[in-house]
Amino acid sequence: MSNMWGVFKRSLRAKLFLSYLIVILVGVVVMTGAVQIQTPAAIQRHIERMEAHLGTDPGLAEDLRINFIRAVNEITTTAVIVSLIAAIAVSLFTSQRIVQPIRNMMRASREIAAGHFNRRVAVVSEDELGALAESFNQMAEELELTEQRRLNLIADVAHELRTPLTNLRTMLEALTDGVLSPEPSTFQTMNNEVLRLQRLVQDLQELSRAEAGEMAMFPERIHPADLVSSVVDKLVLQFHDKGVALHVNIAPNLPDIYVDPARITQVLVNILGNALQYTPSEGQVWVVVRQVENAIQFVIKDTGRGIPAKDLPHIFERFYRVDKSRARASGGSGIGLTISKHIIEAHGGRIWAKSEGLGQGSEFGFTLPVASE
């Protein structure tokens, strides 16, 4: 008995069937009770009408009453039996239709837990079970993408670490074999490779904190023009040395924003630095700051190489590079825009990228909410 009870507790199909059966039995009891309550009054009315036609014979009236009750009971019994058989069949079919999709999702979830992230379930209805199946498939797709990103991250980190480590090993072997002389320039080159490794590790730590929502933020009230001016002052000489014109257009009477100045400066330096890097000599870069409804919009446009349409949706993914053949030494860690996206979103803003294609320049922008009173 205990085993049967345990199976019942773990079986949704049995619970559904029992619930249907209880509803059926309640209906049968109610119907039978109603028949028993209503039958005497119906018989009495029938006998009174028959007496009006056949006379007042007591034996005839009793015979009519008995036969009428028998007929009602026979009809009720037949109706109850047929209804029970039909209801049980329908209950079994309905419970099977409800339970089978759930069982399919259970099997699929076990396969996903075992690492088969491409498993999906069929959506066979448009009701709540169909919506549950669609949500399950969406979850499975997100898990598959997450797993793919994890594998890509491992491969990208390994690739990023391999280049400077290989360079260091080659130089150390050359020093050991006497091929390279221990001159200051040699050690400076080795130091540059170590710095690359340090920057990569720092960027990875920053990315990990950003994706976990654990970035340290120290917000304060500041005017947008002050942020832009400090960043422009840092980069203006680099723009001048490369021969790229930098235009700054800040709308008047802008309200303050409540942000972490160091973090937003990091975003502006990253985007402006990319604009400078990918804009050729005699090109132009514009920085536009304006208010759009209850937000301050920062837009950086350039006349650089531009971004192909197929690359735009991935531009904020970690380690993603438009130019796959570009040397790592000139490209940074490849996660600056990813960190920038997390910083802006952590401030309640939005970031985007636009481009008409290769050779058409690009536009990066982000919004930050106006500081409340």
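Which strands does helix α6 (residues 224-242) lie across? In this predicted model, helix α6 lies across β2, β4 (284-292) and β5, and its direction is at about 175 degrees to that of β2.

**The sheet**

The three strands beneath that question belong to an open sheet of 5 strands, in which the order is β2-β4-β5-β7-β6 and the pairing is mixed. The edges are formed by β2 (245-250) and β6 (350-355); each has a single partner strand, so one side of each is left without a neighbour in the sheet. From one strand to the next, the twist averages 15 degrees.

Within this order, strand β5 (residues 295-302) pairs with strand β7 (residues 362-369) in the antiparallel sense, over 8 bridges. Residue A295 has P369 in β7 as its bridge partner.

**The helix pair α7 and α8**

Two packed helices are described by the angle between their axes and the distance between the axes. For helix α7 (residues 261-278) and helix α8 (residues 336-346), the axes come within 9 Å and cross at roughly 145 degrees. The crossing of α7 past α8 is left-handed. The residues that make this contact are listed by helix below.

| Helix | Contact residues |
|---|---|
| α7 | R263, I264, Q266, V267, N270, I271 and N274 |
| α8 | G336, L337, I339, S340, I343 and I344 |

Sorted by class, the contact of α7 with α8 comprises 7 nonpolar, 5 polar and 1 charged residues.

How values were computed
Residues numbered from 1 in each chain as written. Predicted model: local features only at pLDDT ≥ 70, side-chain atom pairs only at ≥ 80, totals over all residues. Heavy atoms only, no water. Axes fitted to C-alpha atoms, helices over the stretch in contact; angles between N-to-C directions. Helix = DSSP H or I, 4+ residues; strand = E, 2+ residues; numbered from the N terminus. Left-handed = near helix turned anticlockwise from the far one by under 90°. Contact = heavy atoms within 4.5 Å. Nonpolar A, V, L, I, M, F, W, Y, C, P; charged D, E, K, R; others polar. Pairing = 2+ DSSP bridges.
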